[in-house]
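Let's take a walk through this protein together, starting with the whole chain and ending with a few individual residues. Keep the structure open beside you as you read.

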Amino acid sequence: QVQLVESGGGLVQPGGSLRLSCAASGNIFRLYDMGWYRQVPGKQRELVAAITRGDMTNYADSVKGRFTISRDNAKNTVYLQMNSLKPEDTAVYYCKVDARITAWGAKYEYWGQGTQVTVSS
């Protein structure tokens, strides 16, 4: 099993910055794609940013140029640096990883518990 622990959320003023972290632990053979999603009440969860094991990245249009996703494979951790935050970035942010727990097993998706980001003056 793989456990994900997110941190770094909170309250920030418009124009401010936050850095989210998501650390994976447990019986991990290898982590593959890692990503951040967000959800507001009444709306579907949406992709914010994703990164492959080879560091190829993908961003939602709404965050391009403001957010940066990165990963540290040695620490099994993915980060989301969020700059120039806007009120519309307010949401619960979830990390997701694709992981294999054995060399011969299937790849599964794992989700974090979510961390609240609130952008307000």
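**A tour of the fold**

Residues 24 or more positions apart account for 54% of the contacts in the protein chain that have a separation of 6 or more. Please keep in mind that you are looking at a predicted model.

What kinds of secondary structure will you find along the way? The protein chain holds zero helices and 11 strands. Read from one end of the sequence to the other, the pattern is β-β-β-β-β-β-β-β-β-β-β. The radius of gyration is 14 Å, close to the 14 Å that the globule rule gives for 121 residues, so the chain is as compact as a globular protein of that length. If you turn the model onto its principal axes, the C-alpha trace spans about 50 × 25 × 25 Å.

Now for the inside and the outside. Of the 121 residues, 40% count as buried. The surface that the protein chain exposes comes to about 6,500 Å², and carbon and sulfur atoms supply 48% of that area. As for charge, the chain carries 14 positive and 10 negative charges, and the mean positions of these two sets are 3 Å apart.

With the overall picture in place, let's look at a covalent link. A disulfide is a covalent bond between the sulfur atoms of two cysteines. How many disulfides does the model have? The count comes to one. This disulfide joins Cys22 to Cys95, with an S to S distance of 2.0 Å. Distant parts of the chain are linked here: Cys22 belongs to strand β3 (residues 18–26) and Cys95 to strand β9 (residues 91–100), with their positions 73 residues apart in the numbering. Are these cysteines buried or exposed? Cys22 is buried, and Cys95 is buried too.

Our last stop is Leu47, which you can find in strand β5 (residues 46–51). Is Leu47 buried, exposed or partly exposed? Its relative accessible area is 27%; because buried means under 20% and exposed means over 50%, Leu47 counts as partly exposed. Which residues does Leu47 touch, leaving aside those up to four places away in sequence? Its partners are Trp36, Tyr37, Asn58 and Ala60. For a sense of distance, try picking out Leu85 as well: Leu47 and Leu85 are 38 residues apart along the chain, and their C-alpha atoms are separated by 17 Å.

Note on methods
Residues numbered from 1 in each chain as written. Predicted model: local features only at pLDDT ≥ 70, side-chain atom pairs only at ≥ 80, totals over all residues. Heavy atoms only, no water. Helix = DSSP H or I, 4+ residues; strand = E, 2+ residues; numbered from the N terminus. Rg over C-alpha atoms; globule rule 2.2 N^0.38 Å. Buried < 20%, exposed > 50% of the residue type's maximum accessible area, 1.4 Å probe, protein only. Contact = heavy atoms within 4.5 Å. Areas by Shrake-Rupley, 256 points an atom, 1.4 Å probe, with all protein chains shown as cover. Lys, Arg positive; Asp, Glu negative; His and termini not counted. Charge placed at Lys NZ, Arg CZ, Asp CG, Glu CD. Disulfide = S-S within 2.5 Å.
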